[in-house]
Amino acid sequence: MESISSEVRLKVAQCFRTLSSSSADHTDVFDALETLNSYLDDGAESSSCTAAEREEFRRTHYSRTLRVLVGQLQADWTHSLSAAQRSQLWDPLFLKGPPDQALLVLLEAVTQLRPSAGLDRLVSVTERFLQGGRLADLLWSFCLGSVPSDSAQLRETLLARLAALPDLTANRLHPNNRPLFTPQRFYPLLASEMLAALERTCRALRDGVDCSLTFVAQTLGKVCLQGHSGPVLAVMAPRLAVCTRSDMVWQRVSWKLLQDVPERCMESVLTGLLQAADSPDAFSRIAGNLVLTNKKAEFVLTHKVLLLQYKYETRVLRTVLGYLASDRDRRPLLIQVLRSVSQAWANPSAVKHTPQEQQLYVSKALLLAASLLTDAELQELRSDLLQCLLGGMQSHLDSSAVGIRTLGLVVGECLSARMDLSGTKLKFEYDQNEETRELLSLMTPSVCPDPDPDPDPEVAAGSEATRESSQVKSASRRSKSDPDSDLDSDDDLPPYDMSGDVEASRAAPPRYLRDCLEALISSDDSLRVELSLNAAESLVRRNVFAAKEISVQMTKVLLHMEDRFSVSGFLVLRQAAMVALTAVDSVPVTQYLTTEFYSLNYSLRQRLDILEVLALAAQELSKPAADKVTAAASGLTPYQSNSAAGWRQEVEKRIQNKTKRISKGSGQPRAGAAPNRYAPVAGYFFFPLLRNYDKPEVTFDLLGSDHLVLGRLIHTLGLFMHLAVNAPIAAQMGAALLDFVWAVRYHADPTVRRGVLFAVCSVFLSMPSQALMMDLSQQLLETRTWLADVAEADPDADCRNLAVQSLVLLDQNLKKQLQNPNGLSLEP
């Protein structure tokens, strides 16, 4: 054996010397290349080397041979090789030897050489290496354990180069990279080569040959861990699903492949496989009972995918839960999952501090898991589900977000139907949308049927037209059978248009404001009350002086008024009248409303009404009054005169329309300047609402349980601040508003946090830059840090967006002030 090793070493050394110092005719170089190629010709009749010599060359001298060839890329003999000689003598040395060593040398050379003809030659050889199935040979050599120099360091290096091949080549070859080296082409090719290696493994196992899938599993895990699980498993998963359908050997190979995936890569492989598998059965055949034998897989499938991550589609949830339910040994994990998901769904802290998207995701998992239970399992979990139903619905209904309350109603409705509580099914009223329909579809149709949709107006109209057509046809048949029937028929007469008729009323609407007020106070006639309420707004706006005399009294009556007679549009009419009163007589009415907001014995609805009226009135006052006059005037119909002047105007108008002009001024007169009616009274709207907010009353706790009113209050104050732009009092309002919201910036309810961020945006938009820098310079740094934390870590998406907007506004103000040569300095 030592003689063989010495003989091979001497021949190879002689070839290296020849390649390094060749003669002018290069004949000796061609002989040396033929000698080196003879060590790679397995079983060739013309080969002069024995099997032992070939094995010694592959094990000891092959890698060094390739490095010598790479080092001679700029030699004269290399450039003198013809295309045929290069294909017969130079390229086979890289394509016929041990693939692991060849790939390492090629990638090392590609990443180190500068752009040249030699680099192009190596790139072409690497491309042929990938296209020729050498990756499958590489993987298969590790499956058989026939790698000559296998070691942990070699495997790690080879895995790193193999998984990052597109990055390595792109860094060196950009912008002239080959299409095969791009991630879109390379990773599907690698997946196909792994499948080829697995197919060889199946054939070898049938022949009784032992194989190892460790390296293939490590390659799969490495690629998935680097973020390429999508293209790889999109090729492998469908093929594995088909092969494992009826072949037990393929099933064993697939299960062993996933079992050998390194633990740090298990999550990436499983999540990619969940998204690539087309059904729970396919995933079950590919993964087997991996969830029972691997703790990391159990954690990923039963906890992380369901409770910690919420980015996956509903199809992934179906796959996970269907996989757990499809085998008797795995069904205990389904019950465990249902318990943990139901606890997470009913947790009040989770409802308050997790995004709505995650709560929707957990709700889907809960309903899917409940739908997969058998009747026996359902009886076992009945108490847990009942506790989840009661506590979870209460937590969701306490939320101020409409979407979260709707989630509680839908999930409670479906769970109660699934458990069949007392033989009755709960039914709630909520708006149907895409989310609710998807949640209802997760249960069986008999459990959660969709409500009957309203009939389509077009279909109804079509059926009505069909009915009328049939009636016309029947009448025509009767007229043909009885010719005398047309004598007294009036079917051909056109019907009289009665669409504009108005039903005669027993009472007339009030013409005076005091009569309207009297009817609203003491009348028991429903028609009179309805007419008075309909006329209230117009009477207030037409009789300003009379309205100012009774503005506070009428506002008090409207605020306490109840809908005793079910008046159509009661809330809208009542609110419009109160807004008109506030706009007409701003100071007294605003003082009354802001005082009553913190008074005793008012319902939350009344307090919200006060805020809405103040907000709408402030918006109306901030708009120029001339807009309303212009709009009203544009809606009037001009008087049609028959005088000659009218005819002259008509003729002049036609001439103007027929005349072509190169330029023409604006046809509409410019709107005249009008004073801002809100600016002088902004303080009456704003500052009274900031007092007594921290004093809990008997029926009102603004900083406690009444967080819905707190969020609306902060949003209304932010609106007042926004409307006060350019007002003299804006700086004082901004400082007071920031002091107020600073205490509740970390409130648990997202509605309150959104209101706080809206208020901060309003301050940055409305306060002058100089006032912002001068009055709030000490708070800006802390405010900016808080906004950055919210933009990064707040669970509510709207809060994150508002925080980003606030940061942009703050930076713009700071930049504007710093660029101003007359700006104030932050230094004391």
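## Nonpolar cores

In this predicted model, the largest nonpolar core holds 152 residues, and those with the most contacts inside it are L198 and M236. Helix α13, which spans residues 214–243, gives the most to this core, contributing 13 residues. When neighbours within four places in sequence are left aside, M236 is in contact with A191, M194, L195, L198, L220 and L257.

A second core, separate from the one just described, has 92 residues, and L513, A615, L772 and L807 are included in it.

## The chain as a whole

The chain has 42 helices and zero strands, and buried residues make up 46% of its 828 residues. Among contacts between residues at least 6 apart in sequence, 73% join residues that are at least 24 apart. The area that the chain exposes comes to about 43,700 Å², of which carbon and sulfur atoms supply 52%.

## The largest pocket

The largest pocket has a volume of about 580 Å³. It is lined by 33 residues, of which A401, T751, R754, D796 and D798 are the closest to its centre. Several helices give two or more residues each to this lining, among them α21 (348–353), α22 (356–371), α25 (402–419) and α33 (604–622), together with α37 (707–723), α39 (750–766) and α42 (797–819).

Sorted by class, the lining of the largest pocket has 14 nonpolar residues, 10 polar residues and nine charged residues.

Notes
Residues numbered from 1 in each chain as written. Predicted model: local features only at pLDDT ≥ 70, side-chain atom pairs only at ≥ 80, totals over all residues. Heavy atoms only, no water. Helix = DSSP H or I, 4+ residues; strand = E, 2+ residues; numbered from the N terminus. Buried < 20%, exposed > 50% of the residue type's maximum accessible area, 1.4 Å probe, protein only. Contact = heavy atoms within 4.5 Å. Areas by Shrake-Rupley, 256 points an atom, 1.4 Å probe, with all protein chains shown as cover. 1 Å grid on protein atoms, 1.4 Å probe; cavity = no way out; pocket = protein on both sides within 12 Å on 5 of 7 lines; lining within 4 Å. Points joined across faces, edges and corners; volume = space filled by probe spheres on them. Nonpolar A, V, L, I, M, F, W, Y, C, P; charged D, E, K, R; others polar. Core = buried A, V, L, I, M, F, W, Y, C linked by side-chain atoms within 4.5 Å.
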